[in-house]
Structures are given as C-alpha cells and as structure tokens.
Amino acid sequence: MSITAKDNMKKGSTQLSHLCDLNAKKQISHRRLVSIIATISRASRNLETIYNMLLKGVNIFRLNFSHESHELHTQTIELVNSSLQRIKHETGQTITVAFAVDTRGPQIRTGLLDGGNEILLRSGESIRLSINRDLYDKGSKEAVYVDYPNIINVAKPEDRVFVDDGKLFLNILEVGVDGLLCNSGVACW
C-alpha cells in the first residue's frame, strides 16, 4: 500500500502547515513528480548556497554556457558533488541531480553603419538583414549586413531574430535571395 502526501498530513493540519513541517534531512516517503531548476552563476557558486539549494529541493542545475566558461562550470559541478557528499554523510540519503546545459546558439554579427551613426528603430518599423557583402560598411535604417549567409536558408516568415541579447527582436516578414525583410518589436523580458 503506497503512502500519499495526504496520508502524511497530521489530522487537522492544513496543506501549508504540512509543507512547513517537511524535513529535507528525513527519508522521503514518496517521490516528487516535479523538478526544481536552479541556474548557477557567480552569485550562487559557493558550497553553502548550493548545499542549501539541494536541501530546499533543487534537483536540476542549469549551466549557461552563453555567459560563463567551461572552467567555471567545472567548478560548479565539483561544488554540487561536494554538497551531495555532505548531505549523504549527514543524512545517509543519496540525492540524484541532473545538469541542464544551455548552449549558445549562432551569434550573427552585423556590418558597420554608414558613417558610424546609430540607428533608431521603433517598434513596427521595417529593416532588411542582408547577406550582400557590399553593404558591410554601408548599414542604414533600411538595410544592415549580417555575416551569416545561411540565414536565408534556415529562416522563414514569422520567425524571430533576437538582437542585443534579446532586448530587441525582429519579426521576419519575407525571405529573399539576399536577406530577410523584418519589422521590429520590443522584447518584454
């Protein structure tokens, strides 16, 4: 006969009081069917923080390779393993965790703007991303060179191109032989 979380609740207690009484150091009576994912960065990359994350239920650690080096992620894995060993030593429990690796997608670079000027692109305005190398140093509000010639083969209308780490996105309206016709939108992250 399996024991449910409801069976574990004391008579007359509330769901909230039951949750508050949970003890991460006590052997579990059932397996949780959700995962808690934590991204490790400079602020959280220390033994005590990772240990506390594990005690609170984190069971997937996300490693973002877009923003940090292999060496830092190696250090994170070592800290997680040390924390797991500490928990096993203190409680006798073996906790299993997973690592989610977030790899960087292609980084497409633009050419130069004509005269070194800036472009003010408002939401809904059109711009062309061109693979025409002749536009490398002649970028304008109408067209900007991009260094990824295969973009015309992999992009399709209604796709989005994110610019400046996602602060701006371009909706692809049309794919042509030398580039993409897009209109701009503002990302809301």
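A pocket, in this talk, is an open set of grid points with protein on both sides within 12 Å along at least five of seven lines, and its lining residues have an atom within 4 Å of a point. Keep that in mind for the structure above, which is a predicted model.

I will start with the second largest pocket. It holds about 1,200 Å³ of space. Its lining is made up of 35 residues. Which of them lie nearest the centre? Those are Ile108, Val161, Phe162, Val163 and Asp164.

Now for the elements behind that lining. At least two residues each come from strand S4 (126-130), helix H5 (151-154), strand S6 (160-163) and strand S7 (168-175). S6 gives the largest share, four residues. As for chemistry, the lining has 21 nonpolar residues, eight polar ones and six charged ones.

Next, a sheet. As general background, strands of a sheet pair through backbone hydrogen bonds, and the pairing is either parallel or antiparallel. Here we have an open sheet of three strands in the order S1-S2-S3, and the pairing is parallel. Which strands are at the edges? Strand S1 (37-39) and strand S3 (98-102), each of which pairs on one side only. On average, neighbouring strands of this sheet are turned by 30° against each other, with direction ignored.

Let me take one pair in detail. Strand S2, residues 60-64, runs parallel to S3, and the two are joined over five bridges. If you want to find the pairing on the screen, look for Leu63, which stands opposite Val101 in S3. A helix also packs on this sheet: H4, residues 70-91, touches both S2 and S3. The direction of H4 makes about 165° with that of S2.

Another residue to look for is Arg62, which is opposite Ala100 in S3. From S2 the chain passes through H4 and on to S3, a β-α-β crossover. Is that crossover right-handed or left-handed? The crossover is right-handed.

That covers the pocket and the sheet.

Conventions: Residues are numbered from 1 along each chain as its sequence is written. This is a predicted model: local features need pLDDT of at least 70, side-chain atom pairs count only at pLDDT 80 or more; totals for chains, interfaces and linings use all residues. Side-chain values use heavy atoms; hydrogens and water are left out. On a 1 Å grid over the protein atoms alone, a cavity is a set of points where a 1.4 Å probe fits but cannot get out, and a pocket is an open set with protein on both sides within 12 Å along at least five of seven lines; lining residues have an atom within 4 Å of a point. Grid points are joined across faces, edges and corners, and a volume is the space filled by probe spheres set on the points. Ala, Val, Leu, Ile, Met, Phe, Trp, Tyr, Cys and Pro count as nonpolar, Asp, Glu, Lys and Arg as charged, and the others, Gly among them, as polar. Two strands pair if DSSP finds at least two bridges between them. Axes are lines fitted to C-alpha atoms, for helices over the stretch in contact, and angles run from 0 to 180 degrees between N-to-C directions. Contact means heavy atoms within 4.5 Å. A crossover is right-handed if, with the strands pointing away from the viewer, the path from the first strand over the helix to the second runs clockwise.
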